[in-house]
Amino acid sequence: MRLVVVSNRLPLTLRGSAEGWVGEPSSGGLVTALGPVIQRTGGLWFGWPGEGPERADLERQTTLDRWERESGFVAVDLPRALATRFYQGYPNQTLWPLFHQFPSLLEYSPRSWEAYVEANNRFRDAIVDRLEPGDLVWVHDYHLMLLPRLLREAVPDVAIGFFLHIPFPASEVFRILPHREELLLGVLGSDYAAFQTHRHLSHFRSSILRILGLSSSMDRLFLEGRAVQLEARPIGIAPESFVGLLEGDQAVGAALRKLRRRFEGRRILLSVDRLDYTKGIPERLRAYGRLLARAPHLRGQAVLVQIAVPSRERIPRYRELKAQVDRLVGEINGQYGTPEWTPVVYIRRSVSRADLVALYAASDLGWVTPLRDGMNLVAKEYVACQKDAAGVLVLSEFAGAAAEMGEAVIVNPYDEERTAAAVERALALPPEHRRERMAALHRRVARNNAFAWAERFTDSLRRAARSRLHAGSSEPARLPLAEATAAFHACRNGVLLLAYDGTLVPLAPRPAEASPPPELVSLLLHLGAEGRHRVAIVSGRSRVDFERWFGDVEGLWLAAEHGAVLRPPTSHEWSAIRPSPPEDWKEHVLPVLEHYVDRTPGSFIEAKEYSLVWHYRMSDPEFSEWLSNELVASLEELLAETELRAIRAHKSVEVKFAWANKGEIVRHLEAAGPAPDFRLAVGDDQTDEDLFAVMPPEAWTIRVGGGPSQARFQLGSPGDVRRMLEAMASTS
Ligand code: ADQ
């Protein structure tokens, strides 16, 4: 299987030089880990190759063609104006600050959103042109969150995975985002979506629940009849590309010796970051200032080496940060520096891999304190270079890396005083103690490396896509509309059983608000063709609701309370399917439900003749979902020896008689006329499964919304059901 990687940048950036167009390689762990897989599987890597020239350039195009031929790197060229609006717009000025929990830095304009959509579409077009059956497509990061869905729509069967490198924010923060629904649905176009940590994954799940109303389990969710697998899959580094240099490279050896000479007798504290406001550089510098203030013995001894690569310099916030860092470095060096000692050595550019490795190895302390970070690879690189050494890692609790690096000294970077104290303590730890911690960290970094990460991701993606293709019985197929319509048109005696809420009408926040529009009633009557076909609404609703909405209507069968009571089309009389049971059971169940109402603001009880329901549609979705499990468990215990059952439905728990189920009603309806030659049953929740279960195999059983079901077919929404019924009514 070919691996097709999609990331916003290609591993090579194209630059014009005196010798013509040249590709400058980027050296991230992503390229190191995925490059060999691309090579081995004859795969492709799609990405932007860097800014293009004003006018078409033949030589440039020839270079790009060669990249594609030789390395599988496919350039997705974006017109200049679009590229600028895209990179400086929605991803970096809207998503980046918001996902890192800086909502006050969020900038948004409709034009930047349009550029985001346009760029994602261009990626889709480039990929679709070159896809082959069996390809595994792996989409990376926040620049391309719409892409999985765009690809799914264009090539429904393709295997698509998505990995988010940056944090996914708490749902309260995420919901601020303009176009939040599109982003979530975009990602859910994939078969498998993975995040750096369980916390990010759980934020994603709660956003899906709160914004799209879709529940998920820990590791998957259903939508549109597909499963999307979810997982936390922390990225690793390629340790050999650091350790290898350390052990075998002469330049690194020389650099290391030079550093040791220069800083002899001193303690090196090292920070390496992109110059980004999420990395906590000013906070760190201030904490260092406090450290020097509180620990005079470190003056003249400690040196903070801060390396910061400028990035996104066209965005004003980044220019401000640069000025702020310059100022803070100046202040500390001015206040504490001596002719023999500079407290902060500040290097504001990219350093070579050799120099970086030497610095990592020579440092006594790795100071990695982002305010928020998806993972933070610097923490892992530092550990990789400290094999058998006694360096200590000071790590922010807000870096994804903290979830895996418990042996580090974990700090809250916003608390500068305590950070300073923690650094002071870390420097004072006995060497044996430091060595032990570092050894444990080192083993983990070596094991959860970039190769293992890539392999596990592709394995999970492959499995997720395979289970979608072979979903078999648990997942109904899409309804072949023309065929169903034709079968109905050809029949003489049809029986049509239709659930109400969530099937004929959308779910309403308050049950009383879900009244049927008049066109729906006439559509249903029309389908009945004056008694030729039996059309029944089969619902858990009470007969009071039915009376209010369908009181004067003649021509429809109405089954209320899941089929406990029935009203035939020609009469206004309801009859019970079984003799009325004594009502005293309610006295036992009601107090239990009331206890849950008291605990769950926004929830309420609906009392019907044959059942009691606890509704929590308007309550906090996560809390009430969790509480409903507890309720069902305690009801099951209470009702064990009775005819009553506790049933879960959409955002509700219902206590009803086991015999009052929708399956019972089928028998009654079939007996009420000639043997049917067409059967249709449409429903959307668990109680409708009783209906599907008693239908013969050739019946048209349809589940509305995703998820496993005994139905043969599925439709997406009540709107789709309406369109189907209209098609059936059109010539009947
Ligand atoms: P970044 O925000 O770029 O990545 P990080 O994980 O720290 O952050 O990676 C930075 C890389 O750049 C490291 O490999 C580091 O060695 C290198 N680097 C930084 N400064 C340098 C300098 N001055 N000279 C040379 N090299 C330098 C995003 C997310 C992270 C996530 C990664 C990977 O923001 O949270 O860890 O993707 O998923």
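Visitor: What makes you say that H9 lies across strands, and at what angle does H9 run to S11?

Guide: Helix H9 touches strand S8 (192-195), S9, S10 and strand S11 (226-232), and runs at about 145 degrees to S11. Contact here means heavy atoms within 4.5 Å, and angles run from 0 to 180 degrees between N-to-C directions of axes fitted to C-alpha atoms, for helices over the stretch in contact. Helices (H or I, at least four residues) and strands (E, at least two) are DSSP runs, numbered from the N terminus. The model is predicted, so local features need pLDDT of at least 70 and side-chain atom pairs pLDDT 80 or more, while totals for chains, interfaces and linings use all residues. Residues are numbered from 1 along each chain as its sequence is written, and side-chain values use heavy atoms, without hydrogens and water.

Visitor: Which strands make up the open sheet of S5 to S9, and in what order?

Guide: The order is S5-S4-S1-S6-S7-S8-S11-S10-S9, 9 strands with mixed pairing. S5 and S9 each have a single partner strand, so each is left with one side lacking a neighbour in the sheet.

Visitor: How do you know that S6 and S7 pair, and which residue partners Val-137?

Guide: Pairing requires at least two DSSP bridges between two strands. Strand S6 (residues 136-140) and strand S7 (residues 159-163) run parallel and are joined by 5 bridges. Val-137 has Ile-160 of S7 as its bridge partner.

Visitor: What is the strand order of the open sheet that contains S18 and S23?

Guide: That sheet also has mixed pairing, and its 9 strands run S18-S30-S29-S28-S19-S20-S21-S22-S23. Strand S18 (477-478) and strand S23 (575-576) are its edges, pairing on one side only. S18 runs parallel to strand S30 (residues 713-715), with 2 bridges between them. Arg-478 is bridged to Gln-714 of S30. Helix H24 (residues 662-671) packs on this sheet, touching S19, S20, S21, S22 and S28, and its direction makes about 160 degrees with that of S20.

Visitor: Why is the pair of Trp-45 and Phe-73 called edge-to-face?

Guide: The structure holds 38 aromatic pairs. The ring centres of Trp-45 and Phe-73 are 6.2 Å apart and the planes stand at 80 degrees, so the pair is edge-to-face. The rule takes rings of Phe, Tyr and Trp (its six-membered ring) with centres within 6.5 Å; planes under 30 degrees apart are stacked, over 60 edge-to-face, the rest tilted. Trp-45 sits in strand S4 (residues 44-48) and Phe-73 in strand S5 (residues 73-75), so the pair ties together parts 28 residues apart in sequence.

Visitor: What makes a space a cavity, or else a pocket?

Guide: On a 1 Å grid over the protein atoms alone, a 1.4 Å probe fits in a cavity but cannot get out; a pocket is an open set with protein on both sides within 12 Å along at least five of seven lines, and lining residues have an atom within 4 Å of a point. Volume is the space filled by probe spheres on the points, which are joined across faces, edges and corners. The count is 3 cavities of 30 Å³ or more. The largest cavity holds about 420 Å³. Its lining has 28 residues, with Asp-501, Leu-507, Arg-541, His-615 and Ser-652 nearest the centre.

Visitor: What is the volume of the second largest pocket, and which element lines it most?

Guide: The second largest pocket has a volume of about 1400 Å³. Of its 40 lining residues, Gly-213, Leu-214, Ser-215, His-650 and Arg-703 are closest to its centre. H9 gives the largest share of the lining, 5 residues.
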